[in-house]
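These are my notebook entries from a session with one structure. I wrote down each thing that I looked up, in the order in which I looked.

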Amino acid sequence: MSQAVDEIKIGGIGASRKRVEDNRFIRGKGNYTDDIVLPGMLHMEILRSPLAHARIKSIDASKAWDIPGVHLVLTGEMMATRNLAWMPTLSYDTQAVLATDKVRFQGQEVACVIADDPYIAKDACEAIVVDYEPLPVIVNPMQAVAAGAPVIRDDKENQPDNVIYDWEVGDSAGTAHAFAAADLVSKLELHYPRSHPSPIECCGSIADFNRATSKLTVYMTTQAPHIIRAAVAMVAELPEHMIRIISPDIGGGFGNKVPVYPGYVCSILASILLERPVKWIEDKSGNLISTGFARDVYLKGEMALRRDGKILAVRMHTDADHGAFFSDAQPSKFKIGLMHSAFAAYDIPAAHLTARGTYSNKAPGGVAYRCSFRVTEAMFFQERMMQAAADDLGMDQAEFRRMNFVPDDAFPHRTPFGFLTDSGQYAKCLDVGLKAIDYENFRQQQEEARSRGRLLGLGISTMTEPLGAGNSREYDILGIKMFDSAELKVHMTGKAIVRTGARTQGQGHETTWAQIVAHELGIPAEDVVVEEGDTDTAPFGMGTYASRSTPVAGAAVAMVARKIRAKARKLAAHLLEVSEEDIEWELGRFYVRSAPDRGVTIQECAIAAYANMPDGMEPGLDATAYYDPPNLTWPFAVYIVTVEVDPQTGVWDVLNMVAVDDCGVRINPMIVEGQIMGGLTEAYAMSNMQFITFDADGNCVGANYMDYLLPTAWETPGFELHSEVVTPCPHHPIGAKGIGECAAVGGPAAFVNAVIDALSGTGVRNIDMPLLPDRVWEAMTYRRDISGAPPVRSDD
Ligand code: CDP
């Protein structure tokens with residue numbers, strides 16, 4: 001009889017284990033960057049530009065220097081003497097650290113003050129006098145490429161205009177051919193507006209340079225500590241082994257904490273110059289107006305259709321507004337990220353995508369806010385286009401999707417843009433969703449309500465997201481190949497520590513990585529501690545963003561545990577005095593095949609590794625694994641929303657929302673549900689209430705949390721989650737696919753589709769997000785599409 005340990009009881013895969021990190025978070029015992037106080041620490045504040053585009057005629061900081069308690073005032077001119085006025089970005093561009101020649105967006109860093117406390121530093125910032133000469137402003141890609149447009153990046157050689165890149169992918173000729181043969185061509189044009197990840201904790205750093213040891217330690221809010229260490233080594237020209245980046249607890253990242261920000265660089269230089277620790281903690285408005293924005297793409301496209309509903313080809317064009325500096329992280333080959341993952345779930349013979357990126361007088365944009373490099377925009381366009389095409393064909397929304405899905409038996413499947421998807425049960429997910437929302441019944445209710453003047457709508461959205469970059473053959477950032485790592489040390493008593501190159505920001509890695517070890521070795525999850533975020537102790541990794549942790553670092557945890565198991569097997573053979581070939585494994589225990597009662601536990605093997613190893617065996621039970629995934633993982637989801645729109649006011653309410661997520665094997669079902677709930681909440685907020693845009697002068701409108709609303713439990717509707725479809729990832733060691741972003745990626749189109757569906761018959765094809773009541777009212781009253789693209793009037 002098996003004597004294996006019970007996996008669920010020890011908190012292995014499939015256990016809804018309570019999050020261990022919450023023990024400290026709910027007690028207020030988290031250790032965030034701002035909680036850290038070092039002896040002799042000074043404080044830094046940043047002076048930001050009030051104008052979006054202006055030449056700097058002069059900066060007079062004399063009054064700031066005179067304020068008691070001020071230790072240093074840094075300006076661009078001083079940075080330039082150390083070759084630090086500009087820094088490289090993660091996308092092969094350059095970014096001003098402190099402005100020298102011009103300011104290029106409202107909120108740009110112009111100077112900073114280091115003082116005894118943050119209040120003195122703030123007062124001193126206000127005493128700095130900057131003389132600006134305003135310049136014409138650009139706030140959208142159309143203005144950026146218009147004849148006579150001012151060149152924003154006149155600091156760069158060989159940059160005669162505002163175009164960053166022109167990129168294309170797909171089969172142009174094949175697509176043209178398919179369009180020529182189409183019965184019908186359906187078109188759609190929209191703007192996915194700027195949005196901001198808005199983590200609750202803002203960005204910040206504490207730089208601590210020790211002249212005696214020449215070691216620089218930086219505590220900072222980064223999602224990717226090792227990349228930051230490499231960037232600091234390059235920018236500050238310090239030896240990499242003398243730099244230690246520690247990313248303490250992080251209060252949400254969502255992509256906002258991937259880029260390198262000027263504040264980090266200034267605090268490092270200030271610490272080197274003053275030989276004291278320097279803390280910089282960004283305030284909320286600083287975070288909201290100057291750090292990595294997301295989205296801001298103009299998408300247009302068309303679909304070639306056969307009369308019976310078969311999609312023959314898709315053509316897409318994207319204009320991406322990157323702001324003043326191209327600074328978001330992209331896998332190097334893909335200028336517009338993974339936008340070409342669009343339509344991956346549908347069986348489409350040909351497709352072609354063109355993309356143009358431009359500069360504007362806005363803060364740097366394009367970060368992957370809860371998204372795998374622009375997948376959110378791709379899926380949004382996909383599902384809005386699917387709805388428009390089904391309407392043009394006069395087909396049922398669900399049926400149109402079903403007939404074009406990649407069928408279950410067609411995997412591996414090459415998508416029209418060249419990705420290889422490997423698994424999924426798309427139609428089954430749709431069926432579960434339709435049943436849960438009571439589709440047929442709702443359609444009847446909708447008809448009946450309409451006859452009484454009530455506007456009900458139903459929106460469907462599906463998404464498949466490429467999660468887990470690399471493989472290293474195709475994915476790199478600044479030439480650094482995308483893979484990840486895990487190190488596992490099993491102590492003598494069978495307790496363990498696992499470290500990875502990822503960095504949790506609230507996703508629960510401290511809980512789930514221990515569950516993977518429990519699954520592989522049978523060591524109870526509570527006996528495994530997880531540590532991330534310190535470059536001196538963690539193995540090299542590319543960090544946590546793009547839901548890559550489970551697909552890559554999580555896989556590395558499984559692989560390193562398997563290395564440990566292989567060594568433990570040798571120890572077991574020694575202890576049981578049989579040959580290795582005679583040993584069998586069951587969870588937590590090795591036993592002799594011919595005598596199953598004779599066995600040793602993994603804990604007994606651990607003691608033997610330190611106290612009773614065979615002659616010639618290297619002592620200890622430690623290993624490191626670097627994991628380079630063979631492919632991305634491809635989770636799939638169906639989101640269905642029903643809404644009611646008030647015909648008098650344009651206010652819309654969610655009646656019901658159903659989410660069917662297939663992320664393969666769920667390590668911790670409760671954490672997965674939390675991730676989906678969070679993502680749907682953000683999707684709802686983006687579609688309904690989050691308004692952050694720019695007026696013609698480049699002023700950021702909605703730059704505070706009175707205007708840019710973060711949803712609370714009060715305004716967020718309920719969500720019904722379904723987990724019955726599980727398609728394990730064929731190449732991931734434990735069959736898991738990423739989940740963290742899926743709902744934020746696929747959710748927005750479901751809400752928008754539902755509102756547009758409620759307005760069917762009015763001829764309205766599109767209302768740009770957010771679907772504020774006045775926009776919906778205007779659309780239905782005047783029977784026209786509503787664009788939300790900037791500039792808006794500043795009195796709006
Ligand atoms: O990279 P990030 O951690 O943001 O995203 P993720 O890899 O999708 O994981 C988010 C959280 O969900 C982590 O705690 C994962 O371990 C957990 N998860 C899970 O339990 N099962 C899955 N199939 C995927 C993720």
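**Entry 1: the ligand**

How many residues surround the ligand, and which are the closest? I kept in mind that I was reading a predicted model. I found that 24 residues surround the ligand, and that the closest are Gln-507, His-509, Ser-549, Thr-550 and Ile-739.

I then looked up contacts made by the backbone. For Gln-507, a backbone N or O atom lies 2.7 Å from an oxygen atom of the ligand, and for Ile-739 I noted 2.7 Å as well, again from a backbone N or O atom to an oxygen atom of the ligand. Ile-667 places a backbone N or O atom 3.1 Å from a nitrogen atom of the ligand. I also looked up how covered the ligand is: taken alone it exposes 520 Å², and the protein buries 98% of that. The elements that give two or more residues to the shell around the ligand are helix 14 (509-521), helix 15 and helix 17 (669-688).

**Entry 2: helix 15**

I followed helix 15 along its length, residues 549-576, and noted 28 residues with a reach of 38 Å from the first C-alpha to the last, which is close to the 40 Å expected at 1.5 Å a residue. Just after helix 15 comes Glu-577, and I noted that its phi is positive, near 60°.

**Entry 3: the sheet of seven strands**

In what order do the strands of the seven-stranded sheet stand? I read the order as 3-7-1-14-11-12-13, in an open sheet with mixed pairing. Strand 3 (70-75) and strand 13 (243-246) stand at the edges with a single partner strand each, so one side of each has no neighbour in the sheet. From one strand to the next, the twist averages 20°.

Within this sheet I picked out one pair, strand 11 (residues 204-210) and strand 12 (residues 215-220), which are joined in the antiparallel sense over six bridges. As one example I noted Asp-208, whose bridge partner in strand 12 is Thr-217.

Next I looked at helices that lie against the strands. Helix 7 (residues 225-235) packs on the sheet and touches strand 12 and strand 13, and its direction makes about 145° with that of strand 13. Helix 4 (residues 118-126) lies across strand 1 (42-48), strand 3 and strand 7 (109-115), and it runs at about 30° to strand 1.

**Entry 4: the sheet of three strands**

I also looked up an open sheet of three strands, with the order 6-2-8 and antiparallel pairing. Its edge strands are strand 6 (102-103) and strand 8 (129-134), each of which pairs on one side only. Strand 2 (residues 54-60) and strand 6 run antiparallel and are joined by two bridges, and I noted that Ala-54 stands opposite Val-103 in strand 6.

**Entry 5: backbone details in loops**

Which peptide bond next to Pro-412 is cis? The bond from Phe-411 to Pro-412 is cis, with omega near -5°, and I located Pro-412 in the loop between helix 11 (397-404) and strand 18 (413-414). I noted another cis peptide bond between Met-769 and Pro-770, where omega is about -5°; Pro-770 is in the loop between helix 18 (742-758) and helix 19 (773-782).

My last look was at Ser-198, which has a positive phi of about 45° although it is not a glycine. I placed Ser-198 in the loop between strand 10 (184-195) and strand 11.

Conventions. Residues numbered from 1 in each chain as written. Predicted model: local features only at pLDDT ≥ 70, side-chain atom pairs only at ≥ 80, totals over all residues. Heavy atoms only, no water. Pairing = 2+ DSSP bridges. Helix = DSSP H or I, 4+ residues; strand = E, 2+ residues; numbered from the N terminus. Axes fitted to C-alpha atoms, helices over the stretch in contact; angles between N-to-C directions. Contact = heavy atoms within 4.5 Å. Expected span 1.5 Å × (residues − 1). Near = heavy atom within 4 Å. Polar contact = N/O pair within 3.5 Å; in protein donor to acceptor, adjacent residues only side chain to side chain. Areas by Shrake-Rupley, 256 points an atom, 1.4 Å probe, with all protein chains shown as cover.
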